[in-house]
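Let's take a walk through this protein together, one stop at a time. Keep the picture open beside you and find each spot as we get there.

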Amino acid sequence: MAEKTQVSQAVQNHGSAGTEGKAQLSSNKDRRKKRNRPNKAKQSSDPAPERVYTTDIERENGSFERYYQAQHLFDDPEEFAAFISALKTDLPTTFRVTGNRTTANDVNDIIRNVHVPNLMGIKHEGNLVNPPTPLPWYPGGLAWQIDVHKTVIRKVPEFQKMQRFLVYETEVGNISRQEAVSMLPPLVLDVEPHHRVIDMCAAPGSKTSQILEAMHTSPSGASISNPTGVVVANDSDYKRAGLLVHQSSRLPSPTLVVTNLDASNYPSLHLGNQGQVLEFDRILCDVPCSGDGTLRKNPIIWREWSVSSGNGLHKLQLRILQRAMRMLAANGRIVYSTCSLNPVENEAVIAAALKASNGAYQLVDISDRLPDLVRRPGLSNWQVCTDKGSLTMDSSFQSFISRLNEKQRAESKVVETMFPCAEVGQFHLERCWRIYPHLQNTGGFFVAVLERSETYAPPVPRKKALKRSAVERSDTPDRETERTLKRQRVDIGEEILLDTEMEGVEKQAEETRLSTPTHEEDPKAKVSTYKEDPYTYVDPGHPTVDTFLQGIHIQTVGATDGAMRFPKENLFVRNSDPTVLRSVYLSNDLVKEILTHNEPFRLRLISAGVKLAIRQDGGAKAAAQNRTQGSEKPQEVAVQKYRVVHDAVAIVLPFMSPDDIIHGDLAMLKVLIERAYPLSNEFPSPYRETIEKCG
């Protein structure tokens, strides 16, 4: 324990806190490679333009204030003034320590014992700044807040050490820099390692990362390297889906599948040759929204906000939630959330979905959750702005529609589901959470949790056998050649449009988006043609698999637990020939079911599983040279051919012999920190001899 503390202190003195108690060569090699990669942005001769943040934006919008005054959010006019005043201030900096890592407590101790004392008594613009404080409502005290904006932390010299710490720990995955209210949905989703989870609008991926942490954490708090569940992370924008892959790579998982689809028309996922439909235990609908709850973080919204923002997204939000309701398994849970305060995007969507379900779903009472979080109940009455020019407000659809002639009714984009319905009192909308910025110095947010009613009896799903094998699908060269005029069913009792018709629906949905960026999707992004490498599972009985496993010193059974078995049948490659092992990936059983029984272009698969190892071409060339010289040793070829990547260290360790694992000490850690590419003779004994044996 003393040595572990010394390691942490040694790293702190270098200005960046790498808190791994045990230094493993494969881990540090990958990190050095990332740190030494050239930064193209910094090599530019012209300095990057300074982002306009506060000084050039007037934080005033009369329409915004009049609209929310009409909603009667608060009984006390003084509280409404405090609400508006808070929205005009900068958002504090918040971050959380990843909860399922063995280093979480070490990182928290460094924050508490090193950085908090260093930031005592600091002043900014004449005001005393509180040191980092834990968010009182976040479990385990693993989330922190600094009462200054992130630009202050980047620029003010007193915060430089803290800034370096945050950057490094974020890079290695020990910290997630995330807005406080954005942490709420995964906390009430209650994910467990066996759950089948989908995040329908996942980019940029901070909530997906939280879900993955929960997936890899047992109820007792122990870390699980290969859970049995699955996390499907989806986003309709191709570029943002790529960002999602990058964000989730900080917590690599064999349970992850990333797709690029319209959430409101998400297709059914089949399992097995009989086409059994996958139902999800947990679904997160953090839907695209107007984002007016992020005014403190994105002050540009003050200039561009209008009532058409929420009205234009209402129908899309409702379609996404209703699609989620049709994909939910028995005893499952849906969390619907937005970073908007607009009831048209929040309570109106919930009420419309509950009404359409005919009693099949209900809001869950989560009043006992996170007792230290200050929140307000959902609204049961609200008004809809039916004329953005005059800010005409209506409390019922009938009063609005009665004023219009036939042509105006046909052209109106205001729909009945935006208004409170007659049954609104039966839905217990007070069970929703409304987070206001003046309550605990946060952004604005809305959260609702839905479950199936106990009396709900789902219809028997119609099974459909697939016509082609997975191997045949992996050889498919082009998506366009696979389209047919046959209609396909994506959910129970509902027939959807043809592929060509669905594209029109997606285009129409995109056109309803705002010109201002939302918290989940970029309306200016264009849908890219699907061009991804195939997902091909290898034959576990093929000789190349045994050669590969021998090369990275993986045993087929656990080194310490004989009951564990390495799932070599779940190894796959991203090329059509399963005998060519360049980069080798690993998934769990459920992800394999999804990848082998669903066509990749239909799901627009972007990423799946975790990269296990990559082939070292240098070692292969050396082996070929040995063969020509007649000096080849059979075991040397396999040893030098592959390298385990850092992402998979936690997965392979239980299957490696203790003799193949190097445990570092302070002297070894010092060499790894000081030298980007250390030579074997620079390491102290006995590590030098061990490394030299590896060739």
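Arg604 sits in the loop between helix 22 (600-603) and strand 25 (605-608). Keep in mind that what you're looking at is a predicted model. What is the phi of Arg604 like? Phi here is near 50°, a positive value in a residue other than glycine. That's worth a second look, because most residues other than glycine have a negative phi. Is Arg604 buried or exposed? Its relative accessible area is 6%, and the cut-off for buried is under 20%, so Arg604 counts as buried.

Now hop over to Asn331, which is part of strand 13 (residues 328-338). Asn331 has a positive phi as well, near 65°, and again the residue is not glycine. Its surroundings are another story: Asn331 is exposed, with a relative accessible area of 74%. The bar for exposed is over 50%, so a value of 74% puts Asn331 in that group.

Let's zoom out for a moment. The protein has 695 residues, and 51% of them are buried. Its secondary structure comes to 27 helices and 27 strands. Then there's the question of who touches whom. If you take the contacts between residues at least 6 apart in sequence, 77% of them join residues at least 24 apart.

For a pair of residues from separate parts of the chain, try Arg643, which belongs to strand 27 (residues 642-644). Arg643 and Ala613 are 30 residues apart along the chain, yet 5.3 Å separates their C-alpha atoms. Arg643 is also buried, with a relative accessible area of 14%.

Next up is helix 4, and we'll stay here a bit longer. Which residues of helix 4 (residues 62-70) are buried? They are Phe64, Tyr67, Tyr68 and Ala70. Look down the axis of the helix and you'll find these buried residues within an arc of 155°, so they line one face of helix 4. What do they pack against? Their partners are helix 5 (77-87), helix 12 (300-304), strand 16 (384-387) and strand 17 (392-394).

Check out the ends of helix 4 too. At the N-terminal end, Asn61 acts as a cap, with a side-chain oxygen 3.1 Å from the backbone nitrogen of Ser63. After the helix comes His72, and its phi is positive, near 55°.

Helix 5 deserves a closer look as a partner. The axes of helix 4 and helix 5 come within 12 Å and cross at roughly 145°, and the crossing is right-handed. On the helix 4 side, the contact is made by Phe64, Glu65, Tyr68 and Gln69, while helix 5 brings in Phe80, Ile84 and Leu87. Sort these contact residues by character and you get 5 nonpolar, 1 polar and 1 charged.

Time to head inside, to Asn234 in strand 8 (residues 230-234). With a relative accessible area of 0%, Asn234 is buried. What does its side chain reach? At 2.8 Å lies the backbone nitrogen of Leu261, and a polar contact of 2.9 Å links the side chain of Asn234 with that of Thr259. Leaving aside neighbours within four places in sequence, Asn234 is in contact with a whole list of residues, including Asp199, Met200, Leu244 and Tyr266.

Gln317 in helix 13 (residues 308-327) is another stop on the inside. Gln317 is buried, with a relative accessible area of 0%. Its side chain makes a polar contact of 3.0 Å with the side chain of Glu345. Beyond its neighbours within four places in sequence, Gln317 is in contact with residues that include Val287, Pro288, Cys289 and Tyr336.

Finally, let's look at the backbone itself. Most peptide bonds are trans. Where would you look for a cis one? Try the bond from Ala203 to Pro204, where omega is near 5°. Pro204 is in the loop between strand 7 (196-199) and helix 10 (206-215). The bond from Ser685 to Pro686 is cis as well, with omega near 5°. You'll find Pro686 in the loop between helix 26 (666-674) and helix 27 (687-693).

Notes: Residues are numbered from 1 along each chain as its sequence is written. This is a predicted model: local features need pLDDT of at least 70, side-chain atom pairs count only at pLDDT 80 or more; totals for chains, interfaces and linings use all residues. Side-chain values use heavy atoms; hydrogens and water are left out. Buried means under 20% relative accessible area, exposed over 50%, partly exposed in between (1.4 Å probe, protein chains only). Helices (H or I, at least four residues) and strands (E, at least two) are DSSP runs, numbered from the N terminus. The arc is that of the directions from the helix axis to the C-beta atoms. Contact means heavy atoms within 4.5 Å. A polar contact is a pair of N or O atoms within 3.5 Å; within protein, one must be able to donate a hydrogen and the other to accept it, and residues adjacent in sequence count only if both atoms are side-chain atoms. Axes are lines fitted to C-alpha atoms, for helices over the stretch in contact, and angles run from 0 to 180 degrees between N-to-C directions. A crossing is left-handed if the near helix is turned anticlockwise from the far one by less than a right angle, and right-handed if clockwise. Ala, Val, Leu, Ile, Met, Phe, Trp, Tyr, Cys and Pro count as nonpolar, Asp, Glu, Lys and Arg as charged, and the others, Gly among them, as polar.
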